[in-house]
Amino acid sequence: MLLLYDLPISSYGCKTRILLRHKGVEWTRRAPPDGYGSQAYCKIVPTGTIPALDHDGFIIAESEAIAEYLNELVPTPAMLPADMRNRAAARALSRIHDGRIEPVLRSFFGHLAPATRNTAFIDENATLLQIRLNRLASMIAPAPFLTGSDLSLADCGFAPSFAILHCLQKHLAFSLDLPAVLAKYEIALSAHPSVQDEHAAYVAALDEWAAAKLA
Ligand SMILES: N[C@@H](CCC(=O)N[C@@H](CS)C(=O)NCC(=O)O)C(=O)O
C-alpha cells in the first residue's frame, strides 16, 4: 500500500501527486499528524517534512528520492529517459527546480500578508527569480516537455511552481517576464492529462491559502 503524507497546499506534494497519477497507481493521502514538523509526525518521518511516502512500512522523505523510488517501483511509464546522459540532464533540471527556482518563489511567502510585506525585498527577489528563470530558459528546449515528448521526473515540480508564480504575481504585482520558452512549456505541461487535475486542485488550494494570508 502506498500512503503519502501530504497536504493540498504542498508544492512538493503536488509534484509527487502528479508522478503518482502518471504512474497510474492508487495511493492514500494523509495529513501529517499535528502538522508537519510536529513531534508526532517526526516520530513517523524524522525530517518532519512533506511529502513522505510510506510503502508497506518503508518510509522515505524528500520528493526527489520518492520520485526515483516510485519510478523504480512502477517502471512503466518510464519517467526518466533511456539514454544515460539525458537521464543525468533530467535529474539536473529537477534539482535546478528544487534548489534554484522553488526556494526563490518560497521566499515571497512571508510577504503575502500586508502586515509583513517588504516591497524592497519583493523587488530584489523578483530580480533574482528573473535571472534564474532566464538561465533556465537558456538551457532547455521543451518538446513539449523538458526531456522530450513524454512527461518525466524533470517536469513534475514545475507545474505547481508555475501556479505559485502566477498566484504571487497576482497579489504582489512584481514585474517579471516569463521567458517565451517557459510560457510555451507551461501551457503544454498544465494540459497534460496526468497534470491537469492536480494542477487545478493546486491552484484552488493556493487561492484559499492566499485569501487567508490577505484577510
Ligand atoms: N526537499 C524537500 C522539501 C519539502 C518541503 O520543504 N516541504 C515543506 C512543505 S511544502 C515542509 O515540509 N516544510 C516543513 C519544514 O521545512 O519543516 C522535498 O523535496 O521533499
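Me: Which word describes E124, buried or exposed?
Reply: The structure is a predicted model in which local features need pLDDT of at least 70, side-chain atom pairs count only at pLDDT 80 or more, and totals for chains, interfaces and linings use all residues. Residues are numbered from 1 along each chain as its sequence is written, and side-chain values use heavy atoms, leaving out hydrogens and water. E124 belongs to helix α5, residues 119-139 (helices, H or I, have at least four residues and strands, E, at least two; both are DSSP runs numbered from the N terminus). Its relative accessibility is 58%, so E124 counts as exposed (buried is under 20% relative accessible area, exposed over 50%, partly exposed in between, with a 1.4 Å probe and protein chains only): the word is exposed.

Me: How many Å apart in space are E124 and F174, C-alpha to C-alpha?
Reply: Along the sequence, E124 and F174 are 50 residues apart. In space, from C-alpha to C-alpha, the separation of E124 and F174 is 9.7 Å.

Me: Which residues are around the ligand?
Reply: A residue belongs to this group if one of its heavy atoms lies within 4 Å of the ligand. The residues that surround the ligand are S10, Y12, Y36, T49, I50, P51, E62, S63 and R106.

Me: How many residues of the shell around the ligand are charged?
Reply: The shell holds 4 nonpolar residues and 3 polar ones. Here Ala, Val, Leu, Ile, Met, Phe, Trp, Tyr, Cys and Pro count as nonpolar, Asp, Glu, Lys and Arg as charged, and the others, Gly among them, as polar. The number of charged residues in the shell is 2.

Me: How many Å separate a polar side-chain atom of S63 from an oxygen atom of the ligand?
Reply: Two residues approach a nitrogen atom of the ligand: a backbone N or O atom of I50 lies 2.8 Å away, and a polar side-chain atom of E62 lies 2.7 Å away. With S63, by contrast, the partner is an oxygen atom of the ligand. From a polar side-chain atom of S63 to that oxygen atom, the distance is 2.6 Å.

Me: What percentage of the area that the ligand exposes alone does the protein bury?
Reply: Taken alone, the ligand exposes 500 Å² (areas follow the Shrake-Rupley method with a 1.4 Å probe). Of that area, the share that the protein buries is 73%.

Me: Which residue is joined to I50 by a cis peptide bond?
Reply: The bond has an omega of about 0°. The partner of I50 lies in the loop between α2 (39-44) and β3 (52-55). That partner is P51.

Me: What is omega for the cis peptide bond that joins T76 and P77?
Reply: P77 sits in the loop that runs between α3 (63-73) and α4 (84-106). A cis peptide bond joins T76 to P77. Its omega is about -5°.

Me: What is the phi of D34?
Reply: D34 lies in the loop between β2 (28-30) and α2. D34 is exposed, because its relative accessible area is 70%. Although D34 is not a glycine, its phi is positive, at about 65°.

Me: Near what value is the phi of A173?
Reply: A173 occupies a place in the loop between α7 (158-172) and α8 (180-191). A173 counts as exposed because its relative accessibility is 63%. A173 is a residue other than glycine, and its phi is positive, near 55°.

Me: Which word describes L176, buried or exposed?
Reply: L176 is found in the loop between α7 and α8. The C-alpha atoms of L176 and L165, which are 11 residues apart along the chain, are separated by 9.7 Å. The relative accessible area of L176 is 11%, so the word is buried.

Me: How many Å separate the C-alpha atoms of H97 and P8?
Reply: H97 has its place in helix α4. H97 counts as buried because its relative accessibility is 3%. Along the chain, H97 and P8 are 89 residues apart, and their C-alpha atoms are separated by 20 Å.

How values were computed: Polar contact = N/O pair within 3.5 Å; in protein donor to acceptor, adjacent residues only side chain to side chain.
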